[in-house]
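Here are a few exercises to work through with the model open beside you. Try each one yourself before reading its solution.

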2 protein chains.
Amino acid sequence: MTTDAAAPGPADVIARLRAALGDRVDLGADGLEAARADKSGHRSTGRPLAVVRARSVEDVQRTLRIATETGTPVVPRGAGTGLAGAANTGPGEIALSLREMTRILEVRADDLLAVVEPGILNADLNAALGAQGLWWAPDPASRDISTVGGNIATGAGGLLCAKYGVVRDAVLAVDVVLADGRLVRMGHRSVKGVTGYDLTALMIGSEGTLGVVVGATLKLRRLVPGAPRTLTATFPTVRAAAAAAAAVTASGLQPATLELLDAAALAAIHDLLGLPAPAPGLAQLTVQTDGPAAASESEAIARVLAAADGTVSLAADAAEGERLLQVRRSMHPAMERLGTTLIEDVSVPRSALAEMFDEIARIEREHGVVIPTVAHAGDGNLHPNFVFDAPGDPGDAGVDVPAHIWDAADDLFRAALRLGGTLTGEHGIGVLKRRWLRDELGDDQFALQRGIKQVFDPDGILNPGKVFA
Amino acid sequence: MTTDAAAPGPADVIARLRAALGDRVDLGADGLEAARADKSGHRSTGRPLAVVRARSVEDVQRTLRIATETGTPVVPRGAGTGLAGAANTGPGEIALSLREMTRILEVRADDLLAVVEPGILNADLNAALGAQGLWWAPDPASRDISTVGGNIATGAGGLLCAKYGVVRDAVLAVDVVLADGRLVRMGHRSVKGVTGYDLTALMIGSEGTLGVVVGATLKLRRLVPGAPRTLTATFPTVRAAAAAAAAVTASGLQPATLELLDAAALAAIHDLLGLPAPAPGLAQLTVQTDGPAAASESEAIARVLAAADGTVSLAADAAEGERLLQVRRSMHPAMERLGTTLIEDVSVPRSALAEMFDEIARIEREHGVVIPTVAHAGDGNLHPNFVFDAPGDPGDAGVDVPAHIWDAADDLFRAALRLGGTLTGEHGIGVLKRRWLRDELGDDQFALQRGIKQVFDPDGILNPGKVFA
């Protein structure tokens with residue numbers, strides 16, 4: 001602890017970091033500038049003090065000790081692919097990057113677990129596991145560019161969640177450095193374990209506000225045998241497509257992925273890919289089945305979709321399946337051509353999917369906005385894209401979301417809550433949704449969550465201003 | 001809040017309860033006596049103040065308001081089938097029974113969820129769900145007599161966990177009454193949801209120390225189609241049986257259940273059932289496969305077990321399968337004939353199962369005790385039964401566990417921790433294992449957990465003395 005009466009100034013904090021961490025401290029303009037933003041389109045108001053590029057648990061501990069001694073905020077950061085602004089770092093703050101801690105420390109096929117450092121990319125981990133016939137199931141769309149630690153910090157989801165679970169279902173234990181630099185090992189290596197409160201689950205999705213995850217013991221699966229099967233089905237309206245998706249779940253069939261593109265999204269993608277323009281209003285489902293029964297399940301799903309007014313096209317082989325999937329994968333590049341987008345992430349019970357699309361249509365009408373939407377229809381998670389023209393360069397405060405877009409987003413969130421849903425299925429709260437957090441949690445639960453934050457981070461130096469407004 | 005300077009006496013607390021709750025307040029000797037104990041063999045030092053038999057959320061809220069106003073401890077209670085003493089209620093405390101809140105409020109096949117009150121028995125819920133082709137997977141051995149709320153409060157496991165998950169994987173949301181009577185709804189109805197910290201996960205396994213679960217939204221599965229297949233395999237030593245069980249997991253096969261009986265357990269069961277005495281040292285695995293590939297998986301598992309020195313017997317039909325399972329199910333009655341038992345619940349990584357049995361053999365030798373053991377070998381969870389002669393009637397303090405049995409149990413827990421395991425896979429800490437909690441968690445994590453307890457229950461009236469020593 002410092003014994004100075006006055007708080008140390010920025011120069012003193014940087015000097016201490018350099019003395020303790022040497023070349024791990026990046027003060028270059030590029031690094032500082034990059035640490036201001038993630039992929040949400042938002043950016044902090046200015047450059048942070050420094051970027052610490054930790055290479056070890058000890059580096060993280062040293063950084064947090066200095067942060068606590070000097071009262072300096074710390075913003076943990078993986079690959080910066082978040083979509084809610086949780087990793088954005090501003091003036092007076094330290095960006096603590098885990099991206100260089102990429103080791104796989106242990107893989108146990110017999111225990112179906114792996115112990116990894118947080119900075120490894122999801123796809124790199126899965127490439128290494130695949131060679132042993134193993135697999136870590138969480139599959140955010142960002143898996144090629146996002147880290148396992150970031151997946152844990154945001155409680156990431158993905159396309160496969162209805163069948164294979166979310167991050168919470170795939171983490172056995174985490175090693176966490178607390179705000180004052182102490183290292184705590186939470187969780188266990190066994191399938192079962194109920195000793196005390198489940199702090200591992202508490203860390204998942206905590207967005208860097210409770211501690212810094214410096215290691216994780218992951219629950220693995222065996223690779224699913226056999227080739228997957230792919231089909232698409234088009235529907236005259238998005239409501240019909242959503243109702244058909246719900247009918248698949250209600251029928252008891254379990255696809256691996258079940259993705260929905262509404263008419264605006266499908267039209268933009270066809271335009272991007274140079275495909276013929278779809279009929280006006282046409283919406284599409286893309287379905288993949290896997291495992292030993294992939295073929296028969298695909299055919300059964302095709303029957304359900306046809307009975308629900310879908311025009312079904314079953315891929316003859318893997319190459320054709322890949323072409324069908326490419327349409328779905330082109331959502332983000334297609335949106336980028338339309339203008340600036342605010343990507344939302346509401347999630348509703350699967351049976352409410354069609355009603356949620358009714359609400360989106362209403363919001364488009366009432367607010368005069370276009371909201372191309374892709375949905376993980378198999379689990380009820382929607383990504384409505386609010387598209388708008390941003391005035392000129394984003395500037396120091398990042399994208400300047402116009403007031404009428406925020407109003408429409410507000411309407412959207414409240415509709416999701418009314419339908420029994422949630423603000424965010426897999427992106428997290430960050431800065432983007434913090435103004436609605438209390439609406440979903442209620443005052444009493446909000447206070448409990450703030451109380452837990454206080455237990456872990458009494459000085460409030462871990463990612464301040466994120467999650468809690 | 002009371003404005004009296006002096007704390008209200010027991011008569012005043014009872015008077016307030018009766019005024020607010022009428023005939024829900026049970027002061028009869030039978031009820032008070034029953035509330036002293038669960039099925040751990042332990043008992044509190046005396047009768048509680050009262051048993052409140054809540055019939056509604058409001059009853060629970062009223063009870064907790066009075067408890068907070070009068071500073072009276074409250075011990076929530078389901079069916080009293082716990083094995084760690086967490087529901088045992090003593091002098092000066094209120095036993096708050098949820099057992100009469102048994103309604104199923106909603107079942108949604110299309111959303112694969114059910115909303116239930118906490119007092120419904122696991123088996124009663126599953127009977128109702130089964131009629132709709134649905135299933136709540138957690139299957140503690142006590143499922144016929146234990147409540148869903150109790151399953152949640154203890155984070156219960158069961159036989160099917162390796163394939164179908166634990167309670168933590170099967171609860172979407174909980175309604176919780178806090179210590180001061182406020183009702184908070186945690187979690188969500190959607191498959192995905194990462195708004196704020198995962199308080200639902202925090203409640204699971206919290207053993208009545210954070211709040212009272214008065215409702216739960218459960219994640220359901222479709223009933224598994226087809227008939228299960230059953231086999232047994234015997235091995236010359238328990239080590240060989242444990243190694244064979246680990247070989248099944250390592251082979252990539254996934255049985256629904258994979259249960260192990262060691263020689264002392266098997267001999268006691270054969271004696272109970274009037275079967276021929278097994279060869280000395282003989283240990284047994286009982287394996288069940290399910291789903292569309294049940295037959296081929298059963299045959300593949302048989303080959304793995306035979307290659308690992310097992311003598312395999314595949315049941316020809318369901319009736320024979322049932323007879324084989326009956327042996328495993330007779331464990332508890334067989335133990336009861338041997339003497340008083342202390343049932344432990346360590347869990348280790350699956351690959352460490354054989355080593356854990358080596359440790360049990362060492363502990364038997366060094367401490368001069370017999371420890372018949374059954375294991376959920378598929379997930380590494382062992383139930384060593386310490387058998388001893390209790391002197392006379394259990395008396396006011398419940399079973400008097402002799403010091404040399406505690407010493408042996410201490411040795412066992414430390415061995416499990418050394419092997420990367422945990423004190424308790426599915427029974428919880430309660431009073432039985434609280435002396436070891438800090439050993440597993442470490443001082444820093446212990447302090448964090450105490451801090452969370454303080455946030456939820458600042459006056460310390462929720463199940464005091466349990467979990468935390």
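**Exercise 1.** Sort the lining of the second largest cavity by residue class.

*Solution.* Keep in mind that this is a predicted model. Start by listing who lines the second largest cavity: Leu159(B), Ala162(B), Gln254(B), Pro255(B), Ala256(B), Thr257(B), Leu258(B), His376(B), Gly378(B) and Asp379(B). Now sort them, and you get 5 nonpolar, 4 polar and 1 charged residues. The space they enclose comes to about 50 Å³.

**Exercise 2.** Find the largest cavity, describe its lining, and say which strand gives the most to it.

*Solution.* Begin with the search of the whole structure, which turns up 3 cavities of 30 Å³ or more. The largest cavity has a volume of about 60 Å³. Next, walk around its wall: you'll meet Leu159(A), Ala162(A), Gln254(A), Pro255(A), Ala256(A), Thr257(A), Leu258(A), Glu259(A), His376(A), Gly378(A) and Asp379(A). By class that makes 5 nonpolar, 4 polar and 2 charged. As for the strand, it's strand 13 of chain A (residues 257-261), which puts 3 residues into the lining.

**Exercise 3.** Work out how chain B is laid on chain A, and whether the copies meet through the same surface or different ones.

*Solution.* First the superposition: a turn of 180 degrees with a shift of 0.0 Å along the axis lays chain B on chain A, at an RMSD of 0.0 Å. The two copies are therefore related as by a two-fold rotation axis. Then check the interface: 100% of the interface residues of chain B are interface residues in chain A too, so the copies meet through the same surface.

**Exercise 4.** Is Ser347(B) buried or exposed, and what is it in contact with?

*Solution.* Locate it first: Ser347(B) sits in the loop between strand 16 (340-343) and helix 13 (353-367) of chain B. Its relative accessibility is 0%, so Ser347(B) counts as buried. Now skip its neighbours within four places in sequence and look at the contacts. From chain A you find Ser190(A) and Lys192(A). From chain B come Asp379(B), Gly380(B), Asn381(B), Gly421(B), Thr422(B) and Gly425(B).

**Exercise 5.** In the largest nonpolar core, which residues touch the most other members?

*Solution.* The core holds 178 residues, and the winners are Phe456(A) and Phe456(B). Take Phe456(B) and leave out residues up to four places away in sequence. Across in chain A, Phe456(B) touches Leu448(A) and Ile452(A). In chain B, Phe456(B) touches Leu178(B), Ala179(B), Met186(B), Leu199(B), Leu202(B), Met203(B) and Leu210(B).

Methods:
Residues are numbered from 1 along each chain as its sequence is written. Chains are lettered from A and ligands numbered from 1 in the order in which they are written. This is a predicted model: local features need pLDDT of at least 70, side-chain atom pairs count only at pLDDT 80 or more; totals for chains, interfaces and linings use all residues. Side-chain values use heavy atoms; hydrogens and water are left out. A nonpolar core is a set of buried Ala, Val, Leu, Ile, Met, Phe, Trp, Tyr and Cys residues joined through side-chain atoms within 4.5 Å. Buried means under 20% relative accessible area, exposed over 50%, partly exposed in between (1.4 Å probe, protein chains only). Contact means heavy atoms within 4.5 Å. On a 1 Å grid over the protein atoms alone, a cavity is a set of points where a 1.4 Å probe fits but cannot get out, and a pocket is an open set with protein on both sides within 12 Å along at least five of seven lines; lining residues have an atom within 4 Å of a point. Grid points are joined across faces, edges and corners, and a volume is the space filled by probe spheres set on the points. Helices (H or I, at least four residues) and strands (E, at least two) are DSSP runs, numbered from the N terminus. Ala, Val, Leu, Ile, Met, Phe, Trp, Tyr, Cys and Pro count as nonpolar, Asp, Glu, Lys and Arg as charged, and the others, Gly among them, as polar. Copies are superposed by least squares on the C-alpha atoms of residues with pLDDT of at least 70 in both.
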